[in-house]
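Subject: The model, and some notes on it

Hi,

Here is the structure I said I would pass on. Please have a look at it first, and then read my notes below.

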Amino acid sequence: GMMCLWCGVMEVMREAGAIRILSRVLRPVLSRIFPHAFHNGVGDEEITASVAANMLGIANAATPFALAAMEKMDAENTDPDTATDDMVTLAVLGSSSISLMPTTIITLRRAAGSAAPFSIIVPVWITSFICAASGMLLCRLASAAKKGKAKKTKKNTDRKNEEKDCATAHTLSGRKARAKDDPVLGGVSASAAKVSGGGRSAGI
């Protein structure tokens with residue numbers, strides 16, 4: 001019942017434009033976490049709704065918004081076989097997000113007869129913040145490592161191409177030098193030139 005209630009609340013908030021307002025409020029923070037999505041305006045509202053639902057402790061309500069955001073970001077992805085940095089970040093935050101109001105755990109504790117079902121709020125704040133920060137740090141490190149590897153691969157490819165071009169130019173210059181210094185090759189080249197010239201004259 002509690003889950004259905006919060007799912008309905010999130011949908012009402014989205015239809016009423018509250019998610020759009022919340023997106024503007026959280027934009028300074030989320031634009032740093034999801035730079036490409038918020039810069040291009042792709043899935044920003046869905047990301048905001050998903051993050052807000054996770055912060056309220058209703059992960060089941062966050063899942064549909066996260067899937068919608070993933071679909072929009074994947075539509076803009078130039079490499080469909082590889083997830084973008086924002087897509088990976090959203091998946092990580094969906095699993096280790098900051099939970100301001102752990103409604104699911106509170107509901108379970110109340111149903112189990114806990115005398116103080118809200119006593120876990122502060123420990124949840126601390127642990128969820130550590131998890132979210134650790135997840136974000138790992139995402140940034142993985143992204144930097146991937147970019148560094150791609151840059152190194154491109155640099156090595158460019159260097160190999162330059163070495164190949166230099167080797168080809170050196171080979172051609174060596175052949176020209178040998179043809180110039182070798183009388184036999186020079187005679188052959190001169191004869192070939194005469195034959196070619198005679199053929200053109202006969203054609204005329």
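The second largest pocket draws at least two lining residues from each of α2 (18–33), α4 (44–55), α6 and α8 (121–181). Please keep in mind that this is a predicted model. The lining of this pocket comes to 17 residues, and I33, V51, M55, L93 and I98 are the ones nearest its centre. In terms of class, 13 of the lining residues are nonpolar and 4 are polar, with no charged residues there. The space in the second largest pocket is about 260 Å³.

The largest pocket has another make-up. Its volume is about 310 Å³, and 15 residues line it. Nearest its centre are H36, M73, E76, N77 and T84. Which classes of residue make up this lining? The lining of the largest pocket holds 5 charged, 6 polar and 4 nonpolar residues. Both α3 (35–40) and α6 provide at least two residues of that lining. With 3 residues, α3 contributes the most to the largest pocket.

Helix α6 comes up in both pockets: at least two of its residues line the largest one, and at least two line the second largest. α6 spans residues 85–95, and its buried residues are D86, M87, T89, L90 and L93. Why do these residues sit on the same side of α6? They share a side because they cover an arc of only 160 degrees around the axis. As a reminder of the background, an α-helix has 3.6 residues a turn, so residues three or four places apart point the same way. Two members of that buried set appear elsewhere in these notes: L93 is among the residues nearest the centre of the second largest pocket, and L90 is one of the contacts of S50.

That brings me to S50, which belongs to helix α4. Is S50 buried or exposed? It counts as buried, because its relative accessibility is 3% and the cut-off for buried is under 20%. Beyond its neighbours within four places in sequence, S50 makes contact with A62, F65, A66 and L90.

Two residues at the other end of the scale may interest you as well. V25, in helix α2, is exposed, with 59% relative accessible area. Its C-alpha lies 9.8 Å from that of T48, and the two residues are 23 apart in sequence. L138, in helix α8, is also exposed, at a relative accessible area of 56%. Between L138 and V92 there are 9.4 Å from C-alpha to C-alpha, with a separation of 46 residues along the chain.

Finally, the overall picture. The protein has 9 helices and 0 strands, so to speak in a single run of α-α-α-α-α-α-α-α-α from the N terminus on. Of its 204 residues, 25% are buried. Among contacts with a separation of 6 or more, 62% are between residues 24 or more positions apart. The exposed area is about 13600 Å², and carbon and sulfur atoms supply 65% of that.

Happy to go through any of this with you.

Best wishes

Key: Residues are numbered from 1 along each chain as its sequence is written. This is a predicted model: local features need pLDDT of at least 70, side-chain atom pairs count only at pLDDT 80 or more; totals for chains, interfaces and linings use all residues. Side-chain values use heavy atoms; hydrogens and water are left out. Helices (H or I, at least four residues) and strands (E, at least two) are DSSP runs, numbered from the N terminus. Buried means under 20% relative accessible area, exposed over 50%, partly exposed in between (1.4 Å probe, protein chains only). Contact means heavy atoms within 4.5 Å. Accessible areas come from the Shrake-Rupley method with a 1.4 Å probe; for residues, only the protein chains shown count as cover. The arc is that of the directions from the helix axis to the C-beta atoms. On a 1 Å grid over the protein atoms alone, a cavity is a set of points where a 1.4 Å probe fits but cannot get out, and a pocket is an open set with protein on both sides within 12 Å along at least five of seven lines; lining residues have an atom within 4 Å of a point. Grid points are joined across faces, edges and corners, and a volume is the space filled by probe spheres set on the points. Ala, Val, Leu, Ile, Met, Phe, Trp, Tyr, Cys and Pro count as nonpolar, Asp, Glu, Lys and Arg as charged, and the others, Gly among them, as polar.
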